[in-house]
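Labels such as buried or exposed can look arbitrary at the start. Let us test some of them by asking what stands behind each one.

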Amino acid sequence: TDGTVKNMGWLTLGGYRIGIESDSGLYYYYAHLDSYADGLFVGDRVYAGQILGFMGNSGYGPEGTTGMFDVHLHVGIYMYDEGGTEISINPYPFLIGF
């Protein structure tokens, strides 16, 4: 989906990650990346199908930690309800066929 880059950088558990907020308000979280696409910065507009980064095995330690698990992509989808409570959405239905 199209959206705006809201977060990039290191998280202790998630490693190098990117967070995209869609126009509808959903938040897409991609973690354990090896690296980011060139020229991508917080605040940039991104589009469905655009390369954001590259799968890796970063995380579970101080910045730069790799190799704690196999290469993979952690995908999360989140939204907030009317009361402001964060709700996690199962991404599986969106990934069928990939």
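Buried means under 20% relative accessible area, exposed means over 50%, and partly exposed lies in between. The model discussed here is predicted.

Q: Why is Tyr 60 called partly exposed?
A: Tyr 60 has a relative accessibility of 47%. Partly exposed is the class between 20% and 50%. The value falls there, so Tyr 60 counts as partly exposed. Its place is in the loop between S5 and S6.

Q: What is notable about the phi of Tyr 60?
A: The phi of Tyr 60 is positive, about 65°, although Tyr 60 is not a glycine.

Q: Why is Leu 13 called exposed?
A: Exposed needs over 50%. Leu 13 has 53% relative accessibility, so it counts as exposed. Leu 13 is placed in the loop between S1 and S2.

Q: How do you know that Leu 13 and Tyr 60 are in contact?
A: Contact means heavy atoms within 4.5 Å. Leaving aside neighbours within four places in sequence, Leu 13 has such contacts with His 32, Gly 59 and Tyr 60. The C-alpha atoms of Leu 13 and Tyr 60 are separated by 4.4 Å, with their positions 47 residues apart along the chain.

Q: Why is His 32 called buried?
A: The relative accessible area of His 32 is 5%. Buried means under 20%. The value is under the cut-off, so His 32 is buried. His 32 is found in strand S3.

Q: What makes the link from His 32 to Ser 58 a polar contact?
A: A polar contact needs a pair of N or O atoms within 3.5 Å. The side chain of His 32 reaches the backbone oxygen of Ser 58 at 2.7 Å. That value is within the cut-off, so the pair counts.

Q: Which residues does His 32 contact, leaving aside its neighbours within four places in sequence?
A: Among them are Leu 13, Tyr 16, Met 55, Ser 58, Tyr 60, Phe 69, His 72 and His 74. His 32 also has a positive phi, near 70°, in a residue other than glycine.

Q: Why is Thr 65 called buried?
A: Thr 65 has a relative accessible area of 17%. The limit for buried is under 20%, so Thr 65 is buried. Thr 65 is found in the loop between S5 and S6.

Q: What does the side chain of Thr 65 lie 2.6 Å from?
A: The partner is the backbone oxygen of Pro 62, which lies 2.6 Å from a polar atom of that side chain. The cut-off for a polar contact is 3.5 Å, so this pair is within it. Not counting residues up to four places away in sequence, Thr 65 touches Trp 10, Asn 57, Ser 58, Gly 59 and Tyr 60.

Q: Why is Asp 44 called partly exposed?
A: Asp 44 has a relative accessible area of 24%. Partly exposed runs between 20% and 50%, so Asp 44 belongs there. Asp 44 lies in the loop between S3 and strand S4. The backbone nitrogen of Phe 41 lies 2.8 Å from a polar atom of the Asp 44 side chain. Asp 44 touches Gly 3, Thr 4, Val 5 and Gly 39, not counting residues up to four places away in sequence.

Q: Why is Ile 89 called partly exposed?
A: Ile 89 has 22% relative accessibility. Buried would need under 20%, and exposed over 50%. Ile 89 is in between, so it counts as partly exposed. Its place is in strand S7. Leaving aside neighbours within four places in sequence, Ile 89 is in contact with Leu 26, Ile 77, Met 79 and Phe 94.

Q: What makes a set of residues a nonpolar core?
A: Its members are buried residues of certain kinds, Val, Leu and Ile among them, joined through side-chain atoms within 4.5 Å. The largest such core here has twelve residues, including Val 5, Trp 10, Leu 33, Val 46 and Ile 77. S2 gives the most to this core, with three residues.

Q: How many charged residues are in the lining of the largest pocket?
A: There are no charged residues in that lining, which divides into 19 nonpolar and four polar. The largest pocket holds about 680 Å³ of space. Of its 23 lining residues, the closest to the centre are Thr 1, Tyr 30, Gly 49, Leu 52 and Leu 95.

Conventions:
Residues numbered from 1 in each chain as written. Predicted model: local features only at pLDDT ≥ 70, side-chain atom pairs only at ≥ 80, totals over all residues. Heavy atoms only, no water. 1 Å grid on protein atoms, 1.4 Å probe; cavity = no way out; pocket = protein on both sides within 12 Å on 5 of 7 lines; lining within 4 Å. Points joined across faces, edges and corners; volume = space filled by probe spheres on them. Nonpolar A, V, L, I, M, F, W, Y, C, P; charged D, E, K, R; others polar. Helix = DSSP H or I, 4+ residues; strand = E, 2+ residues; numbered from the N terminus. Buried < 20%, exposed > 50% of the residue type's maximum accessible area, 1.4 Å probe, protein only. Polar contact = N/O pair within 3.5 Å; in protein donor to acceptor, adjacent residues only side chain to side chain.
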